[in-house]
Amino acid sequence: MKEALQTVSDLWSLMVGLNVTKRYFLEPQVTVRYPWKEVDNLATFKGHLELVSSKTPGKGKCISCGMCAMACPSNCLTVVKRKAPKPTPEEEQALAEAKAKGEKPKDKTPKDPEKFLYDYTLCSLCGTCMENCPVGALDFTGSAYLAGYTREDFHFDLVQVLKNQAGLEGVDETAAPGAGQSEG
Amino acid sequence: MNAIPAELLHIVIGLVAVAASVGLIGLVMVWVERKVAGHIQRRPGPFEVGPSGVLQPLCDALKLVGKQLFMPLGADPILFWLAPVLAFLPVLLLFLPLPVGDGLQALDINLGLLLILAFSGLAVLSVLLAGWASNNKYGLLGAARGVAQSVAYEIPLLLSVLSVSFVAGSLNLATVVEGQGTWPWNWNIMTQPLAFLIYSVSAFGETNRAPFDLPEAESELTAGFHTEYSGMGFGLFFLAEYANMVVVCAVATALFLGGWHGPVLPGPVWFVLKVSALMLLMVFARWTFPRVRFDQLLNINWKWLLPLAVANLLLTAFFVKLAQFA
Amino acid sequence: MTRYQNIDHLAGDFYTQNFAQTAAEGNLILNLGPQHPSTHGVLRVVVELDGEYIMRAEPILGYLHRMHEKMAEVKTAAQFIPNMGRVDYGHALGWNWAFVGAVEKAAGIEVPERAEYVRVITCELNRIASHLLWWGAYLLDLGAFTPIMYAFDDREKVLDILQDPTGSRLTYSYYRIGGVAKDLSQDCLDSIRAFIPWFRSRLPMYKDLVTDNIILRKRIEDIGVIEKDACRRFGATGPVARGSGINYDVRRNEPYSVYPKLDFEIPTSERKCARGRYDVRMAEMEQCLRIIEQALEMMPEGDILVKGAPKPSWKVPAGEAYFAVEGARGKIGAYVVSDGGKNIYRTKLRAPGFCNLSLFAEVSRGTILADAVAILGSLDLIIPEIDR
């Protein structure tokens, strides 16, 4: 008799289960139907890197120190510093005068990098570069919807990306074709 | 030219209608299953192709048809390609004795139920052939399980169906339906509730639907007996499964739920509604319950369903005889 | 052997043929995996079947070996932390903690109290996410297709909460040597406070849909009985050991961080079968909520990273240290040996899954093939952490 009652209560558990699924069947769905809708909590998401813009549009805060490239566990960053500009004749004279006096000439090369090569296919989004930057020049975008067709789509030149964002057309052929369009 | 016999014409029209409706049922059921599964799981299911995804099954069918048909190395070609055909073709026959409306029966035959039960046994053969001819260990295991399961669950199915036909006095489904009334309290489920329960469980076992879907257990045996089938071979098995589901639900409506009886609406509409309700229940059961383990599955059959079905049959026979004397 | 002589040599690779040498006549040798729908990872188990009964089983590992310990030899301590997020994606913060704790122990770095509490909160949230993943995947193995979707729906909330401080949703590299990378914002704290009662209200639904379900109970009760001495012999820890009645939890027996101040229970079960392990994990989720509640109350203001935290060029002082953490799967250990050079000399990672999986060969003897899947699921294996 006890076994029969046990069997009945066991079978009732099946009905309870059906009740649960029936309840969810009648509730609205939680799916976000991409690409017509997107999720709304990407502010804190670690998407790919970008250079933080300084007061001058199109120019980042980066001073080409290379701390990020050294700290990166995946060796995905390469910072290409600018070469010193060719001095004009007046500047050359001023330099010679300063050397004659024994002063150390001031380095006039601009600090910001010429190229900031970022290989996103190697990046592990750990944040070590961002945390160790002395001027806070790196930040993560929230771009969760980045997509491309080739590997080169993910080789960014972040300086170029920053220029494209600011609307300044750069004539740099090494920038990745999809680089400028991915910012969200 | 001799006149074509009316009977033959009747059957041919019926067959054509059945073939068309089986195709349609396959498409509709695929859509229903995926949508219901989606909504249970709080996701939309197909929604891209066509409004609310109704054209999705059509695209799936086209995809299946367009796939390359190939056989694994070492498989027996005749048996390999015979199996899906054998799974699908007999199912068309199963639809013929079903009474869709008052007088609307493709084949008015006194042995309707026997026809259905006999031809549904051919599905067992197709499972076995599929598993054996695949030259695949997983397929073989799946086929062995499938055969054991199908053969086992046929018996309580038969016995519960027999109980109802004892009361009605005929194996013709139309007669059984006519013996029931318009309202639920006049249906056979009131007089034979135990038979209904046994029939339901056996129906799940016969059609290999969850929770008894071990022969095609995806996560344990990588799709069991139809592992090696792709393209239309798989499509035929798929269609056969859905068509079998419909037959089993239709027989349940005819036997227990009053067939085409119902107030206000015409007969066929009620029939379709009742069959759809039962199909919905089967779909819900698939997406709610985990799989029953194989030996437990057979245990349920031999230790619970069979004794209960026999007891039910004996009791029914006793009361029928008693009623005859009264 | 097949009737085609030209492919006979293909019948099984080195492992299968070695295994088949001691197989009895008439038994079927079957490979479960390495491509397997049961979502454990890339696990291959060779079984010898007599009909449906498993006579012998042998797990074959190494399909997912990614040489994490070798990578540790060419990276500095701070650079290795992202690796630890990927060893075990289920409980990534546990592995983070084990490694960072070992380095801190070797260097004698004291972590600020607020950072300890943040670590506790995030680690416990990660444990809930890991158990939900296990639960959903286990039921998927057993043939129930919906609970995984409900579990992942709940898991979304946890992942959204953890996205706030860490920025990631699965492979976290959030802990730093000397603390954590980012503080928990007020939004994050509010969402955690809202999450706890909401998740408590979900647990009865799991019980209704799954735990009480007779079909599931018949599948997991009295399956895969692991005796206490088997656990001890193989070094099983975590819910596998606690499901067999061994009351061992690293948070209690070898306390670390602020766990001694928190009041929580260690659920154990005397059932020893898969049902016992299942019950332990479901009860652990409730205990995680308790821990998070208390930690939220007791968390002080302060720094989340110790002053003078190591810069990228920092070298671990010469020495060695071992630090163990209670992960979702068991005792996660990291043993760090340093010779004072730029890179860590040797890092040994103790994966709980490795010892838990070794139990399988013994436990599965004599069971049915369908039960093998149930047992594997109840061990809560994530193969990437076993292979490292």
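**Exercise 1. Cover over helix α5 of chain B**

Task: In this predicted model, find what covers the buried residues of α5(B).

Solution.
- Start with the helix. α5(B) spans residues 122-133, 12 residues in total.
- Check its length. The first and last C-alpha lie 17 Å apart, close to the 16 Å expected at 1.5 Å a residue.
- List the buried positions, taking under 20% relative accessible area as the cut-off. They are Val124(B), Ser126(B), Val127(B), Leu129(B), Ala130(B), Gly131(B) and Ala133(B).
- Now look for the cover. It includes α3, α4, α6 (137-168) and α11 (232-256) of chain B.
- Finish past the helix end. Asn135(B) follows α5(B) and has a positive phi, near 55°.

**Exercise 2. Two of the covering helices**

Task: Describe how α3(B) and α4(B) are arranged: at what angle do their axes cross, and which residues touch?

Solution.
- Two numbers describe a packed helix pair: the angle between the axes and the distance between them.
- Take the distance. The axes of α3(B), residues 77-94, and α4(B), residues 112-120, come within 9 Å.
- Take the angle. The axes cross at roughly 175°.
- Classify the pair. Angles over 145 degrees count as roughly antiparallel, so α3(B) is roughly antiparallel to α4(B).
- Name the residues. α3(B) contributes Pro90(B), Leu93(B) and Leu94(B). α4(B) contributes Leu115(B), Ile116(B), Phe119(B) and Ser120(B).
- Sort them by class. The contact has six nonpolar residues, one polar residue and no charged residues.

**Exercise 3. An aspartate in a loop of chain C**

Task: Locate Asp380(C). Is Asp380(C) buried or exposed?

Solution.
- Place the residue. Asp380(C) sits in the loop between α14 (369-378) and α15 (383-387) of chain C.
- Read its accessibility. The relative accessible area of Asp380(C) is 4%.
- Apply the cut-off. Buried means under 20%, so Asp380(C) is buried.
- Find its partners, leaving aside neighbours within four places in sequence. Asp380(C) is in contact with Trp134(C), Arg281(C), Ala328(C) and Arg329(C).

**Exercise 4. A profile of chain A**

Task: Summarise chain A: how many helices and strands are there, and in what order do the elements run?

Solution.
- Count the elements. Chain A has five helices and five strands.
- Order them from the N terminus: α-β-α-β-α-β-α-β-β-α.
- Gauge burial. Of the 184 residues in chain A, 34% are buried.
- Consider contacts in chain A with a separation of 6 or more. Residues 24 or more positions apart account for 78% of them.
- Close with the surface. Chain A exposes about 11800 Å², and carbon and sulfur atoms supply 57% of that area.

How values were computed: Residues are numbered from 1 along each chain as its sequence is written. Chains are lettered from A and ligands numbered from 1 in the order in which they are written. This is a predicted model: local features need pLDDT of at least 70, side-chain atom pairs count only at pLDDT 80 or more; totals for chains, interfaces and linings use all residues. Side-chain values use heavy atoms; hydrogens and water are left out. Axes are lines fitted to C-alpha atoms, for helices over the stretch in contact, and angles run from 0 to 180 degrees between N-to-C directions. Helices (H or I, at least four residues) and strands (E, at least two) are DSSP runs, numbered from the N terminus. Angles under 35 degrees count as roughly parallel, over 145 as roughly antiparallel, 65 to 115 as roughly perpendicular and the rest as oblique. Contact means heavy atoms within 4.5 Å. Ala, Val, Leu, Ile, Met, Phe, Trp, Tyr, Cys and Pro count as nonpolar, Asp, Glu, Lys and Arg as charged, and the others, Gly among them, as polar. Buried means under 20% relative accessible area, exposed over 50%, partly exposed in between (1.4 Å probe, protein chains only). Accessible areas come from the Shrake-Rupley method with a 1.4 Å probe; for residues, only the protein chains shown count as cover. The expected span of a helix is 1.5 Å times one less than its number of residues.
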